[in-house]
Amino acid sequence: MRDPDLEAGPVADALLAWYDAHARDLPWRVSPAERALGVRPDPYRVWLSEVMLQQTTVAAVRAYFHRFTTLWPDVTALAAAEDGTVMGEWAGLGYYARARNLLKCARRVVSDLDGRFPDSPEALRLLPGIGPYTAAAIAAIAFDRPETVLDGNVERVMARLHDIHTPLPGAKPELTARAATHTPTTRPGDYAQAVMDLGATICTPKSPACGICPLRAPCRARAAGTAAELPKKTPKKPKPTRRGIVYLARRDDGAVLLERRPDKGLLGGMLGWPGSEWGETAQERPPFAAQWDTLAGEVRHTFTHFHLILTVKTAPLPDRMNPETGEIITAAGFRPSDLPTVMRKAYDLWRDGVA
DNA sequence: AAACCGTGGTC
DNA sequence: TGACCAAGGTT
């Protein structure tokens, strides 16, 4: 840490100057120009965007952020929403524990904190769904506190800036220390967003645009020619393939049989079609006795840690029945967009077969 | 600490 | 076309 080019000042200064000219225009963001005029971001919108952005691309988040802030403009409104409504609005975005924790967090902020988000990372960290990264990000971006954020972008930028070849996740402590060295005490919120913007637009995972990078002068990996191969990562385990069956029962009036999945585990809290367990081989488990037709084709879907091949079976839903599993949703109450993607794929396979 | 937890875009 | 990747958190 003796190299003057790598001390806090030069790197932060270069990044902030670049950010003033090239900051992305994002719906939850206060632009550097507005910030200079004293405009402060709404902590609710910062928190909501940060949770949505966990392991998720900006492109995917935009529409969801707009829907959520339109339906629920502040944390009090969100805290008062029904669980099923929020889960339905989150459908398709993935990592559904985020949505469950989002609601828990909103309700705790309203009931315990008078509707105001804390400004310290320590206090933020105590709330559901807020880990080390998100706590630092909210403190820095919403409250302009000099906290160091470490996300995938910052890891990549720091690994390259300092030419660190230690593989992730082991390199995290080292990268955190490096990142902290550069965090400025002035404009820390803009700085945090600047590093992440750099990682998202210039210092990208593949073929980084080193030629136009504001950090090209001090960057050690660029000098060494190793930028494109950093950061190193420990290889991932191969994904096994599992199989299962889902049962789509529909009445002539359009009502369907769905079930609310338990809060714990995969797709927890979401609606889904009744079906078998997912394992080596699919076991029949129809929700009621009937002549089940097997649809041509199958649903293929990949989750975080396994591939899934789903067989889709259909039958008419009897007019009067009290199913032991699931609940009958009327045509008016059924929105395919409430379904997680794998379940919507099964619905689409059936609908395409009918059309 | 390692496993679990979604999805869509990209090359 | 399949593996990698994205503003990670929880258990």
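This passage describes how the protein chain meets two DNA strands in a predicted model.

The annotated region comes first. An unreviewed UniProt entry lists "domain: HhH-GPD" at residues 52-201. Over residues 52-201 the chain is 64% helix and 0% strand. The C-alpha atoms at the two ends of residues 52-201 are 19 Å apart.

DNA strand C is surrounded by 26 residues. The closest are Gly129, Thr134, Asp151, Asn153 and Arg156. Sugar and phosphate make up 66% of the atoms of DNA strand C that come within 4 Å of the protein. Three polar contacts to the phosphates of DNA strand C illustrate this side of the model. The backbone takes part at Gly129, where a polar atom is 2.7 Å from a phosphate oxygen. A polar backbone atom of Gly131 is 2.9 Å from a phosphate oxygen of DNA strand C. At Asn153 the side chain is involved instead: one of its polar atoms lies 2.3 Å from a phosphate oxygen.

Helices contribute to the surface near DNA strand C. Helix H9 (132-143), helix H10 (152-161) and helix H12 (188-201) each supply at least two residues. By residue type, this surface divides into 10 nonpolar, nine polar and seven charged residues.

DNA strand B has 20 residues around it. Lys237, Leu267, His301, His305 and Thr341 come nearest. Of the atoms of DNA strand B within 4 Å of the protein, 63% belong to sugar or phosphate. The rest belong to bases.

Contacts to both phosphate and base occur on DNA strand B. An N or O atom in the side chain of His301 is 2.5 Å from a phosphate oxygen. The side chain of Thr304 places an N or O atom 2.8 Å from a base nitrogen. Gln55 uses its backbone, with a polar atom 3.0 Å from a base nitrogen of DNA strand B. The elements that give two or more residues to the surface near DNA strand B are strand S5 (299-302) and helix H14 (341-354). H14 gives the most, with three residues. The residues of this surface divide into eight nonpolar, 10 polar and two charged.

The two surfaces can be set side by side. Near DNA strand C, seven residues are charged; near DNA strand B, two are charged. Sugar and phosphate account for 66% of the contacting atoms of DNA strand C, taken within 4 Å of the protein. The corresponding share for DNA strand B is 63%.

Note on methods:
Residues are numbered from 1 along each chain as its sequence is written. Chains are lettered from A and ligands numbered from 1 in the order in which they are written. This is a predicted model: local features need pLDDT of at least 70, side-chain atom pairs count only at pLDDT 80 or more; totals for chains, interfaces and linings use all residues. Side-chain values use heavy atoms; hydrogens and water are left out. UniProt positions are given in the numbering used here, feature names are shortened, and annotations may be inferred rather than shown by experiment. Helices (H or I, at least four residues) and strands (E, at least two) are DSSP runs, numbered from the N terminus. A residue is near a molecule or strand if one of its heavy atoms lies within 4 Å of it. A polar contact is a pair of N or O atoms within 3.5 Å; within protein, one must be able to donate a hydrogen and the other to accept it, and residues adjacent in sequence count only if both atoms are side-chain atoms. Ala, Val, Leu, Ile, Met, Phe, Trp, Tyr, Cys and Pro count as nonpolar, Asp, Glu, Lys and Arg as charged, and the others, Gly among them, as polar.
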